[in-house]
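Trainee: I've got a model open and would like to talk through a pocket and some charged side chains. Can you walk me through them?

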Amino acid sequence: MTMSLEHRYAFAYGAIFLAMGTFLPYFPVWLESRGLSPYDIGLLFAISGVVRMGTMPVIAYLADRAGAPVRVLRVLTAVTLVANVVYLATGSFWPILAVLMVMTVFGPPIMPLTDALAMRDSEAGRLVYGRARAWGSVAFIVANLSVGVALGSLGPDLVIWVIVFGGALNFAAYLLLTDKPDGDADISGVGRVDIASALRLVRSPVFLVFAFAAASVQATHAVYYAFGTLHWQSLGLSDGVIGALWAWAVVVEVVLLWKAAPIVARFGPAMLIGLAACGGIVRWTIMAFDPPFWSLPLLQCLHAMTFALAHLGIMQFLVRGVPPQLASTAQSVYSALASGIVMAGATYASGRFYEDFGGLTYLAMTALAVLACGAAFLGHRIWNGGRIDG
């Protein structure tokens, strides 16, 4: 039986998020098992973010230029699969940093390149983006729950093995996709791009404001991603409960993504990002004061705002505002900003503050959410709803 294009994308997203759903909550636990301090962990993520900022757009531009993003994705997933295995041979800061740098160059472009392909095919009516993307969140939930339950008995190396397994599935997923889906010779959205066009796009004030607004909302998760699990462990929560909390946040995210079409139709990109920022203000302010356990599932529901609404907002802006031939470049410049310089700065600051202030560090994320809200409002004021000249 032949898989539909939507199912093939769902498989790709599932593989990506199986690894990501293990990496985000539990990689810091594995790092701690190797003797790294909170400062070391924050520094690793910060260095990775800065390097990512410079390398992601270059790889995406080359993919746009070549007009063969799927072939590029096959190379990227093969290299990251090998690098993840090498983690098991490391045991201190510098070897881990060396492997992380390989991962930082080859791993992060996978997601934006996949998004660019999926949004291209969604606009052409070949799939419903939200449904395909939602399966990634389902895989994230599975990883959160299963690894959280098994971590105590199987040990921290389980984290790396699950990431390796996800990487192998990810490589297989791109063997099922092609640069000309379903025999269609028209692959608009890739190729036919020059460096001048790309530079005009990334220098556009409208593009930069929207990218910064959405990136800042995503960066408010820095404390949660780097230290959320460790902080909950320090408060006495078990690994299974922590995994369930992470998973519950993504369950709500899946529901929103699955039902996203009317929400996207009702609200514009700037409004979606602004609402996400408002959710962040509420979420992180309350989290800073170690609220009672019964409130944590309610607060985790706000992940549907702080992550999903911001993601939908920037995806819609990139579809509506960016020339199709620059899709991969735009996606990766945004991703480099979101997971690069903005996230790197937030994560580095988190590492410095968390050693001294613990959970109160979430208040810094509240401040960043306020800044993101202002940037979203500015984006609403300066964008006319049309294409940016690329």
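Trainee: How much space lies in the second largest pocket?

Mentor: Keep in mind that this is a predicted model. Its second largest pocket is lined by 15 residues, with Val128, Tyr129, Gly130, Ala260 and Ala261 nearest the centre. Helices giving two or more residues to that lining include α5 (110–123) and α6 (129–154). The space in there comes to about 230 Å³.

Trainee: Which class has 10 residues in the lining of that second largest pocket?

Mentor: Go through the lining by class: two residues are charged and three are polar. The class with 10 is nonpolar.

Trainee: Which side chain of opposite charge is nearest to Arg52?

Mentor: Arg52 sits in helix α2 (residues 38–66). Its side chain has a 2.9 Å polar contact with that of Ser48. Arg52 is buried yet has no salt bridge, and at 13 Å away, the nearest side chain of opposite charge is Asp115.

Trainee: Is Glu6, the salt-bridge partner of Arg131, buried or partly exposed?

Mentor: The closest N and O atoms of Arg131 and Glu6 are 3.0 Å apart. That pair links helix α6 to helix α1 (residues 5–33), 125 residues apart. Arg131 is partly exposed at 30% relative accessible area. Glu6 has 16% relative accessibility, and the cut-off is under 20%, so Glu6 counts as buried.

Trainee: How far apart in sequence are the parts that Asp157 and Arg34 tie together?

Mentor: Their side chains meet in a salt bridge of 3.2 Å, N to O. Because Asp157 lies in helix α7 (residues 157–175) and Arg34 in the loop between α1 and α2, the pair ties together parts separated in sequence by 123 residues.

Terms used
Residues numbered from 1 in each chain as written. Predicted model: local features only at pLDDT ≥ 70, side-chain atom pairs only at ≥ 80, totals over all residues. Heavy atoms only, no water. 1 Å grid on protein atoms, 1.4 Å probe; cavity = no way out; pocket = protein on both sides within 12 Å on 5 of 7 lines; lining within 4 Å. Points joined across faces, edges and corners; volume = space filled by probe spheres on them. Helix = DSSP H or I, 4+ residues; strand = E, 2+ residues; numbered from the N terminus. Nonpolar A, V, L, I, M, F, W, Y, C, P; charged D, E, K, R; others polar. Buried < 20%, exposed > 50% of the residue type's maximum accessible area, 1.4 Å probe, protein only. Lys, Arg positive; Asp, Glu negative; His and termini not counted. Salt bridge = Lys/Arg side-chain N within 4 Å of Asp/Glu carboxyl O. Polar contact = N/O pair within 3.5 Å; in protein donor to acceptor, adjacent residues only side chain to side chain.
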